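Reader: I should like to learn how the overall features of a model are read before turning to local detail. Could we begin with the surface?

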Amino acid sequence: MALTGVEIFKLLPKTNCKKCGFPTCLAFAMKLAQRQVTLDACPDVSDEAKRILGEASAPPVRPITIGAGDKAVKMGEETVLFRHEKKFVNPNVFALEIKDTEPDDVVEGKINDLLTSEINRVGQLLRIDAFCLTGASGDAGSLEGLAKRVAEKAPDVPVIISTEDPEAAEAALKVFGGKKAVLYGATEANAEKMAALAKANGAVLGVRAEGLEPLTALTEKVKSLGVEDLVIDSGARRAREILEHNTFIRRAAVKKNFKPLGYPVINFVQRDDPTMEALIAGLGVAKYASIVVISSAEKWKNLALFTLRQNIYTDPQVPMQVEQKIYKIGEPTEESPLLITTNFSLTYFIVSGEVENSRVPAHLAVMDCEGLSVLTAWAAGKFTGAKIANFIKESGVEKEIKHRELIIPGYVAILSGAIEEKLEGWKVTVGPREANALPSFLRSRAA
Amino acid sequence: MAFVPPKESFAGRVFPVTIGSEVQETFGGENTLPFHTFEGEVPHRPLIAYEIQDVPPDDWPETVRMVYDGVSDDPVKWARHCVEELKARAITLRLIGTHPDNKDLSADDAAKTVSEVLGAVKVPFIVLGSNHVEKDSEVLVKAAEAAKGHNCIIGKAQEANYKTIAAAAMASGHKLIAMSELDINLSKQLNILITQMGFEKERLITDPMCSALGYGLEYTYSVMERIRLAALAQNDAVMQPPLVGDVGMYVWKIKETQAPEDALPEWGALEQRGILWEALTATSLMLSGAELLILRHPKAVDAVEGFIDELL
């Protein structure tokens, strides 16, 4: 838990020397509590105070980055239980498992599935972020072989090496030197060896215990061995245990500042049925997993999971926006109708979807209104006659269409006069109030 | 450092709601967050109701329309199919044909359909209008009357028409869905207005308005979470009715459940995509608070039931 201003004040020199730029130590303490300044500003603070304040100001879930380069991903740093309180910070990683016992063509197929998993949705590039390479054969050479193959075909993709055998772990880790892999497989039985390997290879250590008490003991043990970058697994595999353990871990970290469980959580949700696997993965996304390990990456499944992750990790205070431009729906010609709406992503999705449903090709002008919906943007003075006229003129749409008719949302019928006044030679038509009436509206015009 | 499970218990509890007459189902009743069996009581499973309509589902996309091929031309056949073949625990009859832009069927037509379907199968029923505020006030009054004695859920009452619809539900002894648009305060206000008419809050179901995965799911998700926390942590009785997720209707009209794979190869197989979209929307809303789900595709229902099995 963060310290209060008064608690921090007690740790300061109390000399009121003003070297920090504030008139008194108390004033400085208050600023520290609000995280508006850092402790470095005080030249006389004791090491003891630095240690206590440093620990108290560390995020409750430790930030961990895996991989290197453009595809490195950051996890952790979460501060809340519910997304309406504050944005969930670092979206979870999806990791595709490949076992060293799987036949060559399956391995090849999975590498390819991951490399082609990238999808653009509302301006964000979404993908399967990592591989989880599992030593299921028990043979060190076999896991190393798989590691080499993946490193060759997909050199930039972060990896998790999953084995409890230190010998196999060492061989596979060497393949990913300098790439900040996760070595998943420290248990009570092999903790010393695995911790040493993680340290020697600059890897993040994944630790597994059966239950939260043993997990607490194990993370403390590993930390005492000098490894601090951890991801943790409570052994939960069924949905019920995943929800219970993930909830307790997040609560302990965020509400009790319980350091031994203040690490990103890894969940294994592999199932034979890909639909069921996706639903359990969805539980991980919504309920506090930082890494979700899946066994397959069908495109339809990826799309649904990426979309869920995007929805859950959206900032509840900032509306999702789409780019301002004239979108073509179907294959519009210079005779096709032109409609206008605002750039709130939901508004765009719903309007474009209904235009598409109408099967009438059209131009859809999407205007930047800072992500507000039509009525809100109008009320806020961002969707006005003058601004719309300006946008239409500057958009260049006049070169793409022959007619000069603009269809506006029914809720802002009041704007038609103002737009016609500013947009010379144009006729404004009032469309339906609700998007779901667009298909019949467009079809009846086209008939 | 010793680990102590940071359990939380709450003063509030969600009202349990029982529907049906000969065959009954109960949902709600928990005094903890969704599926938190490890720190509270979750006495009832969420209830999934298959959706059927009074007119053939011509506007449903092929993936879900074809599974009802041969039965969906007649609501009675359709209802029997859901109960006998698909083992539906409950059915939602949506009177979409009464919408002026649809077939504009009359309130009497609707009442006739309700009587026939309720006479044919015994599971609990949810009877919904077409979401046209004026037409629903006529249609649902007659539909509620026709369903008298069956202890159904009638819906949806909205701010503009709640008086007529709540009065009709009350007169015929039904439960009632109160729907507002994605705002906890509007939800609360509507529940208060309805209870001020003398309608018992224990007979209400709150619909904060559904949205599909990718199309505003995060709004519904967070409004549901906030309503649930108000019910439990603040013990706010007006927010203690169970929540409904009217999922199928929102999911099966978006592009992701309709665009064929050959048009968008990067989206993968259409059938599985549509089924997963419906199931994942439903499970996400259950995790945020929904206890009653209205779904269309049998494979989505099976997947969601499987998910509930793993959680309870």
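Reader: What is the accessible surface of chain B, and what share of it belongs to carbon and sulfur atoms?

Author: The model is a predicted one. For chain B the accessible surface is about 10800 Å², with 49% of that belonging to carbon and sulfur atoms. For chain A the corresponding area is about 18800 Å², and carbon and sulfur atoms account for 51%.

Reader: What part of the residues in each chain is buried?

Author: A residue counts as buried when its relative accessible area is under 20%. On that criterion, 63% of the 312 residues in chain B are buried, and 53% of the 447 residues of chain A are.

Reader: Why can chain B be described as agreeing with a compact globule?

Author: One sets the radius of gyration against the value expected for the chain length. A compact globule of 312 residues would have a radius near 20 Å, and chain B agrees because its value is 19 Å. The C-alpha trace of chain B extends about 65 × 55 × 35 Å along its principal axes, and that of chain A about 80 × 70 × 35 Å.

Reader: How many helices and strands does each chain have, and what share of contacts joins residues far along the sequence?

Author: Chain B holds ten helices and ten strands; chain A holds 16 helices and 17 strands. Among contacts in chain B with a separation of 6 or more, 67% are between residues 24 or more positions apart. In chain A, 66% of the contacts between residues at least 6 apart join residues at least 24 apart.

Reader: How far apart are the mean positions of the positive and negative charges?

Author: In chain B, the mean positions of 28 positive and 46 negative charges lie 4 Å apart. In chain A, with 56 positive and 58 negative charges, the separation is 6 Å.

Reader: Let us take a local case, strand E16 of chain A. Are its faces covered or open?

Author: In a regular strand, side chains alternate between the two faces of the sheet. Strand E16(A), residues 405-408, has both faces covered: A:Glu405 and A:Ile407 are buried on one side, A:Leu406 and A:Ile408 on the other.

Reader: Which strands are joined to E16(A), and in what direction do they run?

Author: Strand E14 of chain A (residues 338-342) runs parallel to E16(A) and is joined to it by two bridges; A:Leu339 stands opposite A:Ile407. Strand E17 of chain A (residues 427-430) is also parallel to E16(A), with four bridges between them, and A:Val430 in E17(A) is the bridge partner of A:Ile408.

Notes: Residues numbered from 1 in each chain as written. Chains lettered and ligands numbered in written order. Heavy atoms only, no water. Rg over C-alpha atoms; globule rule 2.2 N^0.38 Å. Buried < 20%, exposed > 50% of the residue type's maximum accessible area, 1.4 Å probe, protein only. Contact = heavy atoms within 4.5 Å. Areas by Shrake-Rupley, 256 points an atom, 1.4 Å probe, with all protein chains shown as cover. Lys, Arg positive; Asp, Glu negative; His and termini not counted. Charge placed at Lys NZ, Arg CZ, Asp CG, Glu CD. Pairing = 2+ DSSP bridges.
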